[in-house]
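Reader: I'd like to go through some labels and see what backs each of them up. Can you show me the model?

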Amino acid sequence: MTEESVVATAQRLQPQLVSHFMHLIQQQHLSHAYLFNGADGTGRQVVARTIAMRLFCQNITAEGLPCGQCSECRRILAGDHPDVVTVIPDGQRIKVDQVRYLKAEFTKSAVEGNQKIFIVDQVDRMTTSAANSLLKFIEEPVGKTVALLLTANKNLILPTILSRTQVVDFLRVAPQALASALADAGIAPSQRYLLATLTESVQAAQELTTDDWLKDAQAKVGQWFTACCQGDERAFVRVQSELLPLALNRDRQGVILDMLVQVWHDALRQQAGEVGDQLAFPQVAQASQQVARQLTIDQLVTIMTLTLATRSQLAGNMNFQTILEALTLQILAQVTR
Ligand SMILES: [Zn+2]
């Protein structure tokens with residue numbers, strides 16, 4: 001299996017944005033503050049890192065892209081470049097010491113005056129005081145500094161920050177494009193489309209497939225789905241006996257919920273006439289085809305809405321088992337109506 005580079009991932013996810021920013025840098029027209037607004041999976045981080053690499057790369061390619069090989073590129077990729085300051089929230093909030101670090105770096109850049117780039121991910125999780133110190137920098141940029149503020153939801157960003165940055169919206173990529181990259185990387189056909197909906201990169205997909213967890217989860221979610229489609233009350237029992245043991249940690253709980261969304265989305269894909277390699281769960285294609293015929297579009301949309309709501313229930317610290325059991329009962333009520 002080959003590993004897709006950061007630049008290649010950025011290009012695949014956001015080809016237009018990447019070439020736009022490469023052009024801006026070449027023309028020396030880069031602004032000093034941007035807000036990258038994009039849901040997880042839209043590549044906001046890889047595009048930010050590509051921009052950082054382009055600013056420092058010693059060996060720009062003929063296409064105007066960073067090489068990814070030189071010592072500058074490699075230090076940025078390793079998170080070890082003194083002029084690329086990255087802050088990722090540690091837990092729920094951006095912490096006070098992270099803000100102190102940012103402030104110290106801002107001050108240093110004012111003194112040194114050399115090229116520097118700040119990348120702050122999940123900037124919506126900044127405390128107000130942290131945001132205010134950031135604002136100060138944005139209002140009075142110093143030297144050749146660039147700030148890339150990243151968020152999955154610009155509605156959570158303080159208006160004062162929104163009005164002082166250029167907002168760049170990252171649209172979601174078609175899973176089909178990632179699925180074909182996964183094919184090139186040797187991912188099994190039965191897992192490609194599912195992984196393309198669960199992850200944003202070949203690397204993340206490969207991390208999920210290093211052991212048998214995904215295969216196992218895909219099979220058990222498929223069985224739960226089939227039981228639901230048949231209105232079989234044993235679907236409820238399967239939550240505890242089959243799905244719970246898969247939920248090794250919070251992360252995996254989230255992946256399982258995403259899988260429940262996708263297995264039901266397959267029924268909608270079937271109604272839309274999509275088949276084969278465009279199904280997340282091809283092994284239960286028959287069940288999803290049947291339920292697509294049996295239920296009205298309204299019923300399917302109701303079920304989709306229920307599955308989509310589980311993510312925020314989990315974020316709200318609801319018990320995982322309770323979420324799944326309540327969902328199963330609601331789905332069974334729809335199917336047997
Ligand atoms: Zn380079």
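Author: Helices (H or I, at least four residues) and strands (E, at least two) are DSSP runs, numbered from the N terminus. Helix H3 (44–56) and strand S4 (145–151) each give at least two residues to the lining of the second largest pocket. This is a predicted model, where local features need pLDDT of at least 70, side-chain atom pairs count only at pLDDT 80 or more, and totals for chains, interfaces and linings use all residues. Residues are numbered from 1 along each chain as its sequence is written, and side-chain values use heavy atoms, with hydrogens and water left out.

Reader: What makes the site of the zinc ion tetrahedral?

Author: Four donors count as tetrahedral if all angles lie between 85 and 135 degrees. Here the angles among the four donor atoms are 101 to 119 degrees, so the label fits. Ideal tetrahedral angles are 109.5 degrees.

Reader: And which residues are the protein donors of the zinc ion?

Author: Donors are N, O and S atoms within 2.8 Å of the metal (3.2 Å for Na, K and Ca). The SG atoms of Cys57, Cys67, Cys70 and Cys73 lie 2.3 to 2.4 Å from the zinc ion, and the spacing in sequence is C-x9-C-x2-C-x2-C.

Reader: Why is cysteine 70 called buried?

Author: Buried means under 20% relative accessible area (exposed is over 50%, partly exposed in between; 1.4 Å probe, protein chains only). Cysteine 70 has 12%, so it counts as buried. Cysteine 73, at 0%, is buried too.

How values were computed. Tetrahedral: all angles 85-135°; square planar, octahedral: opposite > 155°, others 65-115°.
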